[in-house]
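User: I have a model open on my screen and would like to know how its labels were earned. Could you take me through the reasoning?

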Amino acid sequence: MRHSTLCLLVLLLGTARAMAADGVDMVLGRIVLPRGDAPSVATTTSPRAHYVLHCAGCHRVDGAGAPEKYVPDLRQLGSFLRVDGGRLFVVQVPGVMGSGLDDRQVAEVMNWLLGTMARASLPEATAPYTADEVGRARSQPLIDVAAARARLVQQARERGVALQ
Ligand code: HEC
């Protein structure tokens, strides 16, 4: 019995030494060298991260934009949903359509924006954007953004909706 335990110990130590000589770390396993061309396994999926990466450079992290430089304040986004055509307009603008995000991602970013920084301006019982709705908007690009916006602002003024 004692002899066989000793044999097992000798065998185990021998194997450990052989593995160590082989470059195998008994505790941490093999070292995997990083590859510069390895595909990212951490693709961004959160709407907030998409906003930060694709929108915040112009509209700022808090959505305030820079109205003096013609970058609108997104915190009033909900007011567009109170005028005819506004819901379509806000997903047709070039910054949204040309963001490189797909229809589903655009819908998610818009829903996230409306539910967070634009929440105070949001009408009650607003249906969330869907990928299909964004896809339909994509097939009708805006020709004159400034003119379309001016019409919506005028309509808002007539209805007493706060929109600048
Ligand atoms: C390169 C700067 C830039 C980026 C990036 C950008 N935008 Fe904009 N955005 C603007 C400007 C400037 C306007 C004003 C209208 C126009 O000229 O297109 C605007 C208009 C808008 C509007 C219409 C609001 C209004 O009051 O007229 C919305 C909504 C909007 N952007 C959302 C987004 C979202 C969401 C993203 C990211 C997916 C984004 N933008 C990325 C610059 C940008």
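Analyst: Happy to! Let's begin with contacts: two residues are in contact if their C-beta atoms, placed from the backbone, lie within 7 Å. Among contacts in the chain between residues at least 6 apart in sequence, 67% join residues at least 24 apart. Please keep in mind that this is a predicted model.

User: What makes up the fold, helices or strands?

Analyst: The chain has nine helices and zero strands. Read from the N terminus, the elements therefore run α-α-α-α-α-α-α-α-α, with helices and strands taken as DSSP runs.

User: How do you know how much of the chain is buried?

Analyst: The test is a count of neighbours: a residue is buried if 20 or more other C-beta atoms lie within 10 Å of its own, exposed if 12 or fewer, and partly exposed in between. Of the 164 residues, 21% count as buried.

User: Why is W112 called partly exposed?

Analyst: W112 has 17 other C-beta atoms within 10 Å. That falls between the limits of 12 and 20, so W112 is partly exposed. W112 sits in helix α7 and, not counting residues up to four places away in sequence, touches P47, R48 and Y51. The C-alpha atoms of W112 and S46 are separated by 9.5 Å, although the two are 66 residues apart along the chain.

User: Which residues of α7 are buried?

Analyst: They are V106, A107, E108, V109, M110, L113 and L114. What covers them includes α2 (47-54), α4, α5, α6 and α8. M110, for one, is in contact with V91 and Y129, leaving aside its neighbours within four places in sequence.

User: How do you know that the length of α7 agrees with its number of residues?

Analyst: The expected span is 1.5 Å times one less than the number of residues. For the 13 residues of α7 that gives 18 Å, and the end C-alpha atoms are 18 Å apart, so the two agree. The same check works for α9: its 15 residues should span 21 Å, and its end C-alpha atoms are 21 Å apart.

User: What makes the largest nonpolar core a core, and which residues have the most contacts inside it?

Analyst: To belong, buried residues of the nonpolar kinds must be joined through C-beta atoms within 7 Å. The largest such set has 24 residues, and those with the most contacts inside it are L77, F80, V91, V106, M110 and L113. Elements giving two or more residues to this core are α4 (77-80), α5 (86-92), α7 (103-115) and α8 (131-138). The most comes from α7, with six residues.

User: Which residues are closest to the ligand?

Analyst: The closest are C55, C58, P72, G95 and S99, among the 20 residues that surround the ligand. Two or more residues of this shell come from each of α3 (56-59), α6 (94-97) and α9 (145-159). By class, the shell has 14 nonpolar, five polar and one charged residues.

User: Why is A125 called exposed?

Analyst: A125 has 5 C-beta neighbours inside 10 Å, and the limit for exposed is 12 or fewer, so A125 qualifies. A125 is found in the loop between α7 and α8 and has a positive phi of about 55° although it is not a glycine.

User: And Y70, buried or exposed?

Analyst: Y70 is exposed, because its 9 other C-beta atoms within 10 Å meet the limit of 12 or fewer. Y70 lies in the loop between α3 and α4, and its phi is near 65°, a positive value in a residue other than glycine.

User: What makes A156 partly exposed?

Analyst: A156, in helix α9, has 19 other C-beta atoms within 10 Å, and buried needs 20 or more, so A156 stays partly exposed. Beyond residues up to four places away in sequence, A156 touches S79, V83, V161 and L163. Just after α9, G160 takes a positive phi of about 75°.

User: Why does L142 get the label partly exposed?

Analyst: L142 has 16 other C-beta atoms within 10 Å, which is between 12 and 20, so the label fits. L142 is found in the loop between α8 and α9 and touches Q92, V93 and A148, not counting residues up to four places away in sequence.

Notes:
Residues numbered from 1 in each chain as written. Predicted model: local features only at pLDDT ≥ 70, side-chain atom pairs only at ≥ 80, totals over all residues. Near = placed C-beta within 6 Å. Helix = DSSP H or I, 4+ residues; strand = E, 2+ residues; numbered from the N terminus. Nonpolar A, V, L, I, M, F, W, Y, C, P; charged D, E, K, R; others polar.
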